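Thanks for coming. I have one structure to go through today, and I will take the chain as a whole before turning to the ligand. Please have a look at it first.

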Amino acid sequence: MEKLITIERHMQDTQKQFPGATGTFTKMLQDVALAAKIISRETNRAGLTNILGATSSENPSGERQQKLDMFADEIIFRMNDHTGRVAAMVSEEQDDLIEIPVEFDTGNYVLLYDPLDGSSNIDVNVSVGTIFSIHRKFTKGEKGTIEDVLQEGKRLVAAGYVIYGSSTMMVYTTGYGVHGFTLDLGVGEFILSHPDIRIPETPIYYSTNHGIEKDWTEGVRKLTHYLQGIDGDHPALNQRYIGSMVADFHRNLLKGGIFYYPGTLENRKKPYGKIRLMYEGQAMAFIAEQAGGYASDGIGNILNIRPHTLHQRTPIFMGNRDLVEKAEHFIKEYDQEWVALYNEYRNRELVI
Ligand code: P6P
């Protein structure tokens, strides 16, 4: 009979390489997996309960909060606040650093998450996702601090996403490859279905929102024409974009391609792009790199950006390394004005 490898067994098999491992880390990933199972259940029956639709509130990025956003946010918090494994959390839905309630012990990790990415798609039954990343706490004292959460992506100890689609999958890395698990509803377990995911050498897709094309910089326009086979020698790629980054990224991870949400110049509404660095960009960049790809803000590796605020944004180009490096080439060649504008934002100091 084929081996059924759960997340726990996979982590235990992987952990054998770390003699000092205490299993805390494995349990953290299981805590996230449990939250994912509960969110999956609610997402799959959202149409049958009164959990669809928007609330009257907005998140720190000024986006209308969906009821399922708030549900997912609450579930992830409650699955992790009492375990004694976490010292602080950061959520897309919460303005400030989330402290561990005083009645619970704190631990050695900090958890950052976007509880439900792409939630504007929920009401139209399009795939949505959860994104999470884990840093190790390094400051003294019991409580996690802003310095513990605002670490560079290259210091991540784990990152992953859950995609609530035709099936629910959890994809994560701990720095030793990217592994995908599919939720078997019959047993309520995530079972290893995609071991050692690598981005295929030959890309098939590009994913971006052509609706903001009028605001693109010249370099992004040149990149897009290159990907479409209009300029240059690259074969034309198929365009796929459903406005849910986890789903768009997952397709490109498995089939090969590039996803980009660039900074814009003309309208300055999104000069630094839309994706949030701390709980979206870093996680996807870590996964992309571990799968043989690359993620850049157009200037350099997203994992090397020194964070300055919890909800800071980053332009993002991620997928096949050669395509992302092509994006960097066009931006360097044609977008000096935008680079100067963005560098001022990118290099701001962390203000405690
Ligand atoms: P637009 C969802 O809100 C999200 O953050 C990503 O999941 C998605 O890729 C992007 O925004 C879509 O934004 O402006 O193209 O609708």
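The domain assignment splits this chain in two: domain 1 covers 7-194, and domain 2 covers 205-346. Bear in mind that the model is predicted. Between the C-alpha centres of the two domains there are 24 Å. The domains also touch: on the side of domain 1, 48 residues are in contact with domain 2, which contributes 32 residues.

Now the ligand. Where does the ligand sit? It occupies the largest pocket. Around the ligand we find Asp117 and Gly118, then Asn209, then Tyr241, Gly243, Ser244 and Met245, and finally Phe259, Tyr261, Lys274 and Arg276. By type, this shell has four nonpolar residues, four polar ones and three charged ones.

Three of the distances to oxygen atoms of the ligand are worth reading out. For tyrosine 241, an N or O atom of the side chain is 2.5 Å from a ligand oxygen. With asparagine 209, again through a polar side-chain atom, the distance is 3.0 Å. Methionine 245 takes part through its backbone, where an N or O atom lies 2.8 Å from an oxygen of the ligand. As for cover, the ligand on its own has 400 Å² of accessible area, and the protein covers 83% of that.

That is what I have; I will take questions now.

Note on methods. Residues numbered from 1 in each chain as written. Predicted model: local features only at pLDDT ≥ 70, side-chain atom pairs only at ≥ 80, totals over all residues. Heavy atoms only, no water. Near = heavy atom within 4 Å. Polar contact = N/O pair within 3.5 Å; in protein donor to acceptor, adjacent residues only side chain to side chain. Areas by Shrake-Rupley, 256 points an atom, 1.4 Å probe, with all protein chains shown as cover. 1 Å grid on protein atoms, 1.4 Å probe; cavity = no way out; pocket = protein on both sides within 12 Å on 5 of 7 lines; lining within 4 Å. Sits in = over half its atoms within 2 Å of the grid points. Nonpolar A, V, L, I, M, F, W, Y, C, P; charged D, E, K, R; others polar. Domains from an automatic or database assignment. Contact = heavy atoms within 4.5 Å.
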